[in-house]
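Reader: Hi! I'm new to this one and would love a friendly walk through it. Could you put it up on the screen so we can start?

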Amino acid sequence: MKPLVASACAKIILLGEHAVVYRQPAIAIPLSTLRAYATRQPSDTPVIVLQEERITPSNATHPLITLLNLVCEFIQQPLPPIAIHVDSQIPIASGLGSGAAIATAIARLICAHYNVTLPQASLNNLIYETEKIFHSTPSGIDNTVIVYEKPILFVKGAPVEFVDKFQPFKLLIANTGITAPTYESVSDVRRLYERSPEEYSTIFAEIGSLVTQGLACMQRGDWQTLGALMTRNHALLQTLTVSCAELDALVEAALANGAWGAKLSGGGRGGNMIVLAPEAQIESMTQALYAAGAVHVMQVEVGEHDHHTA
Ligand code: MEV
């Protein structure tokens, strides 16, 4: 059996998480150098190997077995008698889309194993189906940015819109080291919204307007305003109760050290935050973020080629 590897990227949300669940727009960016890999290895029966765990079809309620069944059903093939080894560089439950990336890598490997070319839209639907089964009420933004691996302006239920004409820029991504499952923060926001729909709809609408303004800033290269929009977005996410002391400390450290703006990214309550800062500030900012408690800081160039440096 020839070696076969498939992969999928991580992602960040530049603006608009949580409100996107309520049909407001959001901007997401793929992180092409941070990836999940699925590798085919010989086996008599189907098995997914994830860290120390060997997941078999008898474990029918496991999310990855559900995915395996969905993909094979869709391409009208039996479960493949192979071992799928999963190896991911993406920290789990950290707002970087680890779950959707692992699912996408596995689905791509199964298709490659059967020599089936699945249209991106079909793959995206399949990953969204698995996300829906296991993650409360996902908007679909994670699977969409990860499957297409392009910056997107996402609106739930609308056709995917790629953001391809903008000035390249750099971001810092700092990890609090705290894991926090997205479905919990999404469920908590849903409870708040159901208690006070008008109040929370107003917050979601303001977040949506930050996104629209942010897109215009990206297109004209207005980083100072984009930064201010990010910081305002963080304050609104605090109101939604999805920040935490560690994320706030990193945002404050970034702003105190000359950032144009900073915010949490993804589900929140831990995970990662992002910083937009002048080029000259990047090195000292990295040190300031470590000093404020970050366990890892990454520099990302967002642009035509989405080139990354570690
Ligand atoms: C998670 O990356 C983004 C959230 O808005 C959830 C979702 O859109 O499904 C928090």
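Author: Happy to! Let's begin with a term: a salt bridge is a side-chain nitrogen of Lys or Arg within 4 Å of a carboxyl oxygen of Asp or Glu. R232 and E206 make one, with 2.6 Å from N to O. The two residues sit in distant parts of the chain, 26 residues apart: R232 belongs to helix α7 (residues 223-239) and E206 to helix α6 (residues 197-220). Helices (H or I, at least four residues) and strands (E, at least two) are DSSP runs, numbered from the N terminus.

Reader: Before we go on, what sort of model is this?

Author: This is a predicted model, where local features need pLDDT of at least 70, side-chain atom pairs count only at pLDDT 80 or more, and totals for chains, interfaces and linings use all residues. Residues are numbered from 1 along each chain as its sequence is written, and side-chain values use heavy atoms, with hydrogens and water left out.

Reader: Thanks! Are R232 and E206 buried or exposed?

Author: In between. R232 is partly exposed at a relative accessible area of 38%, and E206 is partly exposed at 28%. On this scale buried means under 20% relative accessible area, exposed over 50%, and partly exposed in between (1.4 Å probe, protein chains only).

Reader: Why do side chains like that pair up?

Author: Side chains of opposite charge can pair when their charged atoms come close.

Reader: How many salt bridges are there in the whole structure?

Author: A search of the whole structure gives 9. One of them joins K132 and E129, with 3.3 Å from N to O. Both residues lie in helix α3 (residues 120-134), 3 residues apart, which is about one turn of the helix. K132 is partly exposed at 38%, and E129 is partly exposed at 33%.

Reader: Which residues form a network of salt bridges?

Author: D188, R191 and R269 are linked that way.

Reader: What about K11, which residue does it form a salt bridge with?

Author: K11 pairs with D142, and their closest N and O atoms are 3.4 Å apart. This pair also links distant parts of the chain, with K11 in strand β1 (residues 4-15), D142 in helix α4 (residues 141-148) and their positions 131 residues apart. K11 is buried, at 2% relative accessible area, and D142 counts as buried too, at 19%.

Reader: Now the ligand! Which residues surround it?

Author: The shell around the ligand includes K11 and D142, the pair we just met, along with H18, S139 and G267 among others. To be near a molecule or strand, a residue needs a heavy atom within 4 Å of it. Strand β1 and helix α4 each supply at least two residues of that shell.

Reader: Where are the polar contacts to the ligand?

Author: A polar contact is a pair of N or O atoms within 3.5 Å; within protein, one must be able to donate a hydrogen and the other to accept it, and residues adjacent in sequence count only if both atoms are side-chain atoms. A polar side-chain atom of K11 is 3.0 Å from a ligand oxygen. For H18, a polar backbone atom lies 2.8 Å from an oxygen atom of the ligand. For S139, an N or O atom in the side chain is 2.5 Å from a ligand oxygen. The ligand taken alone exposes 290 Å², and the protein buries 96% of that. Those areas come from the Shrake-Rupley method with a 1.4 Å probe; for residues, only the protein chains shown count as cover.

Reader: Changing topic: what's up with the phi of Q51?

Author: Phi of Q51 is near 50°, a positive value in a residue other than glycine. Most residues other than glycine have a negative phi, and most peptide bonds are trans. Q51 sits in the loop between β3 (47-50) and β4 (53-55), and is exposed at 70%. Q76 also has a positive phi, near 55°; its place is the loop between α1 (63-75) and β5 (82-88).

Reader: Last one: where is K263, and is it buried or exposed?

Author: K263 lies in strand β9 (residues 261-265) and counts as buried, at 0% relative accessibility. A polar atom of the K263 side chain is 3.3 Å from the backbone oxygen of L14.
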